2 protein chains.
Amino acid sequence: MKKRSNCPISYLLDIVGDKWSLLIVRDLMFKGKCFYREFLESEEGMATNILADRLKRLEEEKIIVSKPYPENRTRKVYTLTKKGKDLLPILLEIIAWSGTYDRKSGATKEYVHRICNDREKLMAEVLDNLSE
Amino acid sequence: MKKRSNCPISYLLDIVGDKWSLLIVRDLMFKGKCFYREFLESEEGMATNILADRLKRLEEEKIIVSKPYPENRTRKVYTLTKKGKDLLPILLEIIAWSGTYDRKSGATKEYVHRICNDREKLMAEVLDNLSE
DNA sequence: TTTGTATGCTTGCATTTTGCAAGTGAAGCG
DNA sequence: CGCTTCACTTGCAAAATGCAAGCATACAAA
């Protein structure tokens with residue numbers, strides 16, 4: 001996707017403006033996933049070719065990096081870069097919005113409350129879990 | 001688009017997870033636009049059929065409402081609902097992220113700074129401009 | 001050594017969505 | 001009455017997606 005304008009909203013949409021990319025970032029950020037197979041198992045049901053394409057694009061955009069897995073060289077480990085981790089505030093605001101307007105949201109009221117009133121600590125916790 | 005899961009990230013993506021919907025919200029939120037023709041004139045160059053489709057979907061999702069324009073009944077005025085205005089924190093975080101990582105971003109450093117350090121007032125200003 | 005399994009990813013192909021250009025009908029203007 | 005403006009709609013080619021199957025590599029068990 002080429003750049004459509006210098007608008008910052010458009011910039012993000014050019015990179016992750018599709019139905020799948022941010023779900024990969026979500027899996028990395030909140031669910032401790034890091035393997036191709038794990039992304040495939042997410043309940044939204046991404047197709048294998050789409051997943052391969054999006055991993056490639058996210059890596060090109062330096063939002064994620066992949067390394068061979070030391071204990072099994074057929075595996076690859078995907079992790080978030082700084083640029084990827086910096087998407088966290090966006091994801092938190094999305095969770096707060098959806099938690100407000102989706103009556104059957106998986107986001108608990110407590111979590112939405114923490115996003116509004118305890119954001120710094122919440123963010124530190126999420127990022128801490130990533131380094132394990 | 002049907003709901004793929006109860007995940008809050010997925011909920012937002014099911015509604016505005018494409019390259020265009022959030023640009024319409026941006027035009028309404030920051031640029032004072034409210035007419036079909038005005039959205040078309042945005043520099044990203046949306047096709048007319050896509051615009052019509054997205055306006056319909058945003059209205060179905062109660063993110064915008066349309067009313068006939070009193071002074072000219074061929075025109076329609078589009079405005080943000082509460083649900084639409086509540087997307088503002090997400091948009092601001094997107095602007096901050098893109099302002100950080102896009103070297104040629106239209107977002108000024110001052111604006112990004114205000115998002116981080118003067119958010120309440122900034123949000124009040126943006127929302128104030130909407131009511132005019 | 002062979003056979004099987006798990007892994008990340010590719011391929012082929014039908015369906016869906018998008019992009020582009022042109023057209024349509026309703027309202028307002030001169 | 002013709003002409004313009006407006007918000008769309010339509011037709012069609014091109015691109016993206018969804019689905020099922022296949023593939024190459026690495027490791028493991030027989």
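Before I call two helices anything, I need the angle classes: under 35 degrees counts as roughly parallel, over 145 as roughly antiparallel, 65 to 115 as roughly perpendicular, and the rest as oblique.

**Ground rules.** I'm looking at a predicted model, where local features need pLDDT of at least 70 and side-chain atom pairs count only at pLDDT 80 or more, while totals for chains, interfaces and linings use all residues. Residues are numbered from 1 along each chain as its sequence is written, chains are lettered from A, and ligands are numbered from 1 in the order in which they are written.

**Entry 1: the H6 pair.** I looked up H6(A) against H6(B) first; helices here are DSSP runs (H or I, at least four residues) and strands are too (E, at least two), numbered from the N terminus. The two axes cross at roughly 170° and come within 9 Å. I noted that axes are lines fitted to C-alpha atoms, for helices over the stretch in contact, with angles running from 0 to 180 degrees between N-to-C directions. H6(A) and H6(B) are therefore roughly antiparallel to each other. Pro89(A), Ile90(A), Glu93(A), Ile94(A) and Trp97(A) meet Pro89(B), Ile90(B), Glu93(B), Ile94(B) and Trp97(B); contact means C-beta atoms, placed from the backbone, within 7 Å. I sorted this contact into eight nonpolar, no polar and two charged residues. My classes: Ala, Val, Leu, Ile, Met, Phe, Trp, Tyr, Cys and Pro are nonpolar, Asp, Glu, Lys and Arg are charged, and the others, Gly among them, are polar.

**Entry 2: chain B on chain A.** Next I checked the whole contact, which takes 37 residues from chain B and 37 from chain A. On the chain B side, the elements giving two or more residues are H1 (8-16), H2 (21-30) and H6 (88-101). H6(B) has the largest share, 11 residues. I get 17 nonpolar, nine polar and 11 charged residues on that side of chain B.

**Entry 3: H6 and H7 in chain A.** I then took H6 (residues 88-101) and H7 (residues 109-117) of chain A, which pack at about 135° with axes 9 Å apart. H6(A) and H7(A) are therefore oblique to each other. From H6(A), I listed Leu92(A), Ile95(A), Ala96(A), Gly99(A) and Thr100(A), and they meet Tyr111(A), Val112(A), Ile115(A) and Cys116(A) in H7(A). That contact has seven nonpolar, two polar and no charged residues.

**Entry 4: domains of chain A.** I found domain 1 (1-81) and domain 2 (87-132), with bounds that come from an automatic or database domain assignment. Their C-alpha centres lie 20 Å apart. Six residues of domain 1 contact six of domain 2. On the domain 1 side, H2(A) gives the most, with four residues.

**Entry 5: the DNA strands.** Which residues come nearest to DNA strand C? Of 19 around it, I noted Phe35(A), Tyr36(A), Arg37(A), Thr48(A) and Asn49(A); a residue counts as near if its C-beta atom, placed from the backbone, lies within 6 Å. H4(A) gives the most to this surface, with four residues. I counted six nonpolar, eight polar and five charged residues near strand C.

For DNA strand D, I again noted 19 residues, with Arg73(A), Tyr36(B), Arg37(B), Thr48(B) and Asn49(B) coming nearest. Here H4(B) gives the most, with four residues. The surface near strand D divides into six nonpolar, eight polar and five charged residues.

Conventions: Two residues are in contact if their C-beta atoms, placed from the backbone, lie within 7 Å.
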